[in-house]
Amino acid sequence: MTTLSANIQLIENRLQQLIAALIKQFDEYSRRNYGHSSDINYLSFEIVKGTKYYKLIMRQGTGTSVHAFISRQTGAVYKPASWRAPAKHVRYNLLDDASFAECLRRADWAGSYLRLK
């Protein structure tokens, strides 16, 4: 049985891996559609720790939006319903290896991987 602190560390590590995958996918999108890599400062992500969720904030140019909510206890990934709350249904789970691998495989900067299948 894993401890809560080990789960939190795993969730935070996998969140960093997800951010790297999102930035990589945006860079590939920019090269494919515009013929050059994206400006590294154009797209960035920030993790904000709340009481129940990590809020994954995306900054693109001058805009800011919530990209996803992640449960701090279970690692469940949710699409945002608003700036302050997640949608109802779990999309992925960062503590489950198969679900995390699928999340990374489908991840895209625009968030379409968070839509229900």
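A residue is called buried when its relative accessible area is under 20%. By that criterion, both F26 and W109 are buried. Colleagues, I begin with these two residues, and I should say at once that the model before you is a predicted one.

Let me start with the aromatic residues. The count of aromatic pairs in this model comes to 7. In one of them, F26 and W109 meet edge-to-face, with 5.0 Å from centre to centre and 75° between the planes. F26 belongs to helix 1, which covers residues 4–34, while W109 sits in the segment after helix 2 (97–106), so this pair ties together parts that are 83 residues apart in sequence. The two rings also belong to a wider group, for ring pairs link F26, Y29, Y42 and W109 into a cluster.

A further aromatic pair joins Y53 and Y78. This pair too is edge-to-face, at 5.9 Å centre to centre and with 90° between the planes. Y53 is placed in strand 2 (residues 53–60) and Y78 in strand 4, so the contact ties together parts that are 25 residues apart in sequence. How exposed or buried is each partner, Y53 and Y78? Y53 has a relative accessible area of 22%, and therefore counts as partly exposed. Y78, with a value of 13%, is buried.

One aromatic ring has a charged neighbour. R72 lies over the face of Y54, 5.6 Å from the ring centre.

I turn now to the charged side chains. Side chains of opposite charge can pair when their charged atoms come close. The model contains 4 salt bridges, and I shall describe three of them, beginning with R14 and D97. Their side chains meet with an N to O distance of 2.6 Å. R14 is in helix 1 and D97 is in helix 2, so the bridge ties together parts that are 83 residues apart in sequence. What is the surface exposure of R14 and of D97? R14 is buried, at 11% relative accessible area, whereas D97 is exposed, at 54%.

The next salt bridge is between E46 and R59, again with an N to O distance of 2.6 Å. This pair links distant parts of the chain, with E46 in strand 1 (residues 43–49) and R59 in strand 2, 13 residues apart. E46 is partly exposed, with a relative accessible area of 32%, and R59 is partly exposed as well, at 34%.

The last bridge I shall describe is formed by R105 and E102, whose side chains meet at 2.8 Å, N to O. Where do R105 and E102 lie with respect to each other? They are 3 residues apart in helix 2, which means that about one helical turn separates them. R105 is exposed, at 61% relative accessibility, while E102 is partly exposed, at 26%.

Let us move to the interior. In soluble globular proteins, nonpolar side chains tend to be buried together. Here the largest nonpolar core has 22 residues, and those with the most contacts inside it are L56, I70 and Y113. Which elements give two or more residues to this core? They are helix 1, strand 1, strand 2, strand 3 and helix 2. Helix 1 gives the most, with 6 residues.

Y113 deserves a separate word. Setting aside neighbours within four places in sequence, Y113 is in contact with L18, L22, H67, Y92, C103, R106, A107 and D108. There is also a second, separate core of 5 residues, which includes I57, F69, A76 and Y78.

Finally, I should like to draw your attention to a glycine. G75 lies in the loop between strand 3 (63–71) and strand 4 (76–80). Is this loop residue, G75, buried or exposed? G75 has a relative accessible area of 0%, and is therefore buried. Which residues is G75 in contact with, leaving aside neighbours within four places in sequence? They are I11, I70, Y92, N93, L94 and L95. One of these, I70, has already appeared among the residues with the most contacts inside the largest core. As for C103, its C-alpha atom is separated from that of G75 by 12 Å, the two residues being 28 apart along the chain.

That concludes the presentation. Thank you for your attention.

How values were computed:
Residues are numbered from 1 along each chain as its sequence is written. This is a predicted model: local features need pLDDT of at least 70, side-chain atom pairs count only at pLDDT 80 or more; totals for chains, interfaces and linings use all residues. Side-chain values use heavy atoms; hydrogens and water are left out. Helices (H or I, at least four residues) and strands (E, at least two) are DSSP runs, numbered from the N terminus. Buried means under 20% relative accessible area, exposed over 50%, partly exposed in between (1.4 Å probe, protein chains only). Contact means heavy atoms within 4.5 Å. Rings of Phe, Tyr and Trp (its six-membered ring) pair if their centres lie within 6.5 Å; planes under 30 degrees apart count as stacked, over 60 as edge-to-face and the rest as tilted. A charge sits over a ring if NZ of Lys or CZ of Arg is within 6 Å of the ring centre and within 35 degrees of the ring normal. A nonpolar core is a set of buried Ala, Val, Leu, Ile, Met, Phe, Trp, Tyr and Cys residues joined through side-chain atoms within 4.5 Å.
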